[in-house]
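Here are my notes on the structure you sent, set out as numbered points so that each can be checked against the coordinates. Please read them with the model open.

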Amino acid sequence: SLGRGSPTCSWASWTRASGCRSTYHIEGDVMKHMRVTVAVIGLVLLASGCTSEPATPDEDGNLNIAMADSKFTPDNIDIEAGRTVRVILSNESVDSDYGFTMGEGGSSSGYANDFFKGVEVEVIGPAKLIMAGEAVLTREGDDAVADTDDGNGFMVIVGPSSESVIIKFVVPPKFGEWEFASFEDGGGPYEDGMRGVMKVFPCTRSTAGTGSRNPSSGGRPTC
């Protein structure tokens with residue numbers, strides 16, 4: 001016998017390679033199987049995290065974005081042209097101001113192409129500063145609106161507060177991928193990665209502004 005827990009075979013049969021295997025080899029195979037299983041599970045979890053669905057406005061057009069620790073949450077968003085959207089900005093930091101602007105061709109100084117150029121925009125709530133750029137701005141409140149945009153386009157700066165700031169607009173047909181970011185403190189947050197992607201899709205229904213959902217679009221709110 002080869003000892004406790006070993007397969008039942010004689011030493012002679014072992015030396016003749018009759019197929020009997022020791023406990024050592026069996027346990028080795030079990031450990032290899034466990035390692036492979038753990039690796040597969042890890043890959044599945046990693047893949048599921050990398051393919052998470054983009055955020056979308058709810059049925060009423062509300063899109064909540066939290067700003068904290070040089071990060072936007074969510075930072076991957078889908079919207080549809082022709083739909084009224086209310087971007088609800090909440091600055092959850094303790095003492096940092098953060099901005100929200102959206103465009104193409106970003107650098108630490110801002111965007112070369114402003115998404116909100118020519119777009120009618122209403123800002124509601126305690127914004128610390130608003131740079132109108134070339135947006136058609138309606139302001140509800142007494143907070144400051146800058147006389148110049150310094151070439152950075154439309155921007156809303158939000159200080160730490162328990163009250164949110166709302167940017168309301170009808171999504172223009174500027175299809176494709178746009179970046180949104182914060183350019184406070186000379187572009188520091190932008191350089192630290194405080195940015196996200198907002199993709200504009202064509203309207204999936206002719207009834208723009210209804211805020212309904214279309215099952216054929218995977219449940220994404222339609223315009």
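The points below go through the nonpolar cores, two buried charged residues, a helix, a strand residue and some backbone details.

1. Please keep in mind throughout that this is a predicted model, in which local features are reported at a pLDDT of at least 70 and side-chain atom pairs at 80 or more.

2. The largest nonpolar core has 33 residues, and the members that touch the most others within it are Phe-100, Phe-116 and Phe-169. Apart from this core lies another, of seven residues, which includes Met-131, Met-155, Ala-181 and Phe-183.

3. Phe-116 deserves a look of its own, since beyond its neighbours up to four places away in sequence it touches Phe-100, Met-102, Val-121, Glu-134, Ala-135, Phe-154, Phe-169 and Lys-174. The list therefore holds two charged residues, Glu-134 and Lys-174, beside the nonpolar ones.

4. What does the buried Asp-114 have around it in place of a salt bridge? Asp-114 belongs to strand S6, and the nearest side chain of opposite charge, that of Lys-174, is 6.9 Å away, which lies beyond the 4 Å within which a salt bridge is counted. Polar atoms of the Asp-114 side chain do, however, lie 3.1 Å from the backbone nitrogen of Phe-116 and 3.0 Å from the backbone nitrogen of Phe-154. Leaving aside neighbours within four places in sequence, the contacts of Asp-114 are with Met-102, Gly-103, Gly-153, Phe-154, Lys-174 and Trp-178.

5. Arg-83, in the loop between S3 and strand S4 (84–91), is likewise buried without a salt bridge, and the nearest side chain of opposite charge, that of Asp-58, is 5.2 Å away. The backbone of Asp-58 also comes into play, with its oxygen 2.4 Å from a polar atom of the Arg-83 side chain; I would ask you to look at this distance in the model.

6. In helix H3 (residues 184–191), the buried residues are Glu-184, Gly-187, Pro-189 and Tyr-190. Viewed down the axis of H3, these fall within an arc of 140 degrees and so line one face of the helix. On the other side of H3 the exposed residues are Asp-185, Gly-186 and Glu-191. Among the elements that cover the buried residues are strands S5 (98–107), S6 (110–114), S11 (155–158), S13 (176–181) and S14 (195–201). Just after H3, Gly-193 has a positive phi of about 100 degrees.

7. Val-136, which is found in strand S9 (residues 136–140), is partly exposed, at a relative accessible area of 43%. Its C-alpha atom is 5.7 Å from that of Val-119, although 17 residues separate the two along the chain. Setting aside neighbours within four places in sequence, Val-136 is in contact with Gly-118, Val-119, Glu-120 and Val-121.

8. The loop between strand S1 (62–68) and S2 contains Asp-69 as well as Ser-70, and both call for a check of the backbone. Asp-69 has a positive phi of about 50 degrees although it is not a glycine, and Ser-70, also other than glycine, has a positive phi near 55 degrees. Asp-69 counts as exposed, at 70% relative accessibility, whereas Ser-70, at 24%, counts as partly exposed.

9. Finally, the peptide bond that joins Thr-73 and Pro-74 is cis, with omega at about 0 degrees. Pro-74 lies in the loop between strand S2 (71–73) and strand S3 (76–80).

Notes: Residues numbered from 1 in each chain as written. Heavy atoms only, no water. Core = buried A, V, L, I, M, F, W, Y, C linked by side-chain atoms within 4.5 Å. Buried < 20%, exposed > 50% of the residue type's maximum accessible area, 1.4 Å probe, protein only. Contact = heavy atoms within 4.5 Å. Helix = DSSP H or I, 4+ residues; strand = E, 2+ residues; numbered from the N terminus. Polar contact = N/O pair within 3.5 Å; in protein donor to acceptor, adjacent residues only side chain to side chain. Arc of directions from axis to C-beta.
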